[in-house]
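Dear colleague,

I am passing on the structure we spoke about, placed just below. Please look through it alongside the notes that come after it.

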Amino acid sequence: MASKAVIHFCIITLLSHADSKCTKPTIALFWASAQEWINGSILSVPVNTSQFVYADNLNEKVLDFIIPVASTLTLYVMASDDPQSRRVNISHKGEPGIPALGCVWSEHLCNSSNFACNRVLRNFTFVAPAKYARKNITVCFEASNDQALCPLYERNSGIQPYGFHFGPGINGSRTSESLCVLLRISGPSIKWVGTTPNDSSRLTTYVGCSLSLDIAAEDESNSFDVVIQMVAGASALGGAVLEPARCRAA
């Protein structure tokens, strides 16, 4: 009996990077009550640009926030991508990073179904510590998707509004354009108050007489303790004494 040879051909088609459709995530942030988020659903997208800002490379935005010491700033960072991305992540860029103190990231809150996490919200909270008073700190946010065959980052050549993930001027990549904020931590604002003589005051006294001055100062930010000291050389005045400080009632 003649033998029969059977050959099975297995054809494997690979999707090359050139054939794939790389999209690009978008990232935005808002603060205060610019957008309401209830039960994982975005109810409305704010259009007031003073409270809602998205990232694009042609109009690179750096938002300034002045934060008194011990006060709290919460930024709501949101990101989205084309539905082919199953997962979108929000994070800060490694350079310049985030302050070592006072920063807290929340977990990702997904606003999608079918086990995907595309359209996501994450809260960034910063409580300004006294250590950073009078410092300016830049923090940059970015979003990334799970399209493993796409380049890590390609700079856009056009504007990419929030919610648009491909099109003219949008160069597909796994990482979004970055969105940066400048955290300006205000320092103490010291002023002389009460009966403290001003700089141009001229005081007259006589030999053998005592001269007593009430000197008072306060921090207008109400965030720092105030200490009054003699400047170098003032103690050389014969008999000059600075009495212990007394706290004034608020």
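What follows is a short account of the interior, one polar side chain and one surface patch.

Please keep in mind that this is a predicted model.

To begin with the interior, the largest nonpolar core holds 31 residues, and those with the most contacts inside it are Leu29, Phe65, Leu75, Phe141, Val181 and Leu183. Two or more residues of this core come from each of strands E1 (26-30), E5 (62-68), E6 (72-80), E7 (88-92), E10 (120-127), E11 (136-145) and E12 (179-186). There is also a second, separate core of 5 residues, among them Ala28, Phe30, Leu121 and Tyr162.

A polar residue that may interest you is Asn118, which is found in the loop between strand E9 (109-110) and strand E10. Asn118 has a relative accessible area of 9% and therefore counts as buried, the cut-off for that term being under 20%. Its side chain reaches the backbone nitrogen of Asp81 at 2.9 Å, and the side chain of Asn118 also reaches the backbone oxygen of Ser85, at 3.1 Å.

Turning to the surface, Trp192, Leu203, Leu211, Leu213 and Ile215 make a nonpolar patch of about 490 Å². Of these residues, Trp192 lies in strand E13, which covers residues 190-193. Trp192 counts as exposed because its relative accessibility is 51%, and exposed here means over 50%.

With best regards

Notes: Residues are numbered from 1 along each chain as its sequence is written. This is a predicted model: local features need pLDDT of at least 70, side-chain atom pairs count only at pLDDT 80 or more; totals for chains, interfaces and linings use all residues. Side-chain values use heavy atoms; hydrogens and water are left out. Patches are made of residues with over 30% relative accessible area and no salt bridge: like charges are joined within 9 Å, nonpolar side chains (Val, Leu, Ile, Met, Phe, Trp, Tyr) within 5 Å. Accessible areas come from the Shrake-Rupley method with a 1.4 Å probe; for residues, only the protein chains shown count as cover. A salt bridge is a side-chain nitrogen of Lys or Arg within 4 Å of a carboxyl oxygen of Asp or Glu. Helices (H or I, at least four residues) and strands (E, at least two) are DSSP runs, numbered from the N terminus. Buried means under 20% relative accessible area, exposed over 50%, partly exposed in between (1.4 Å probe, protein chains only). A nonpolar core is a set of buried Ala, Val, Leu, Ile, Met, Phe, Trp, Tyr and Cys residues joined through side-chain atoms within 4.5 Å. A polar contact is a pair of N or O atoms within 3.5 Å; within protein, one must be able to donate a hydrogen and the other to accept it, and residues adjacent in sequence count only if both atoms are side-chain atoms.
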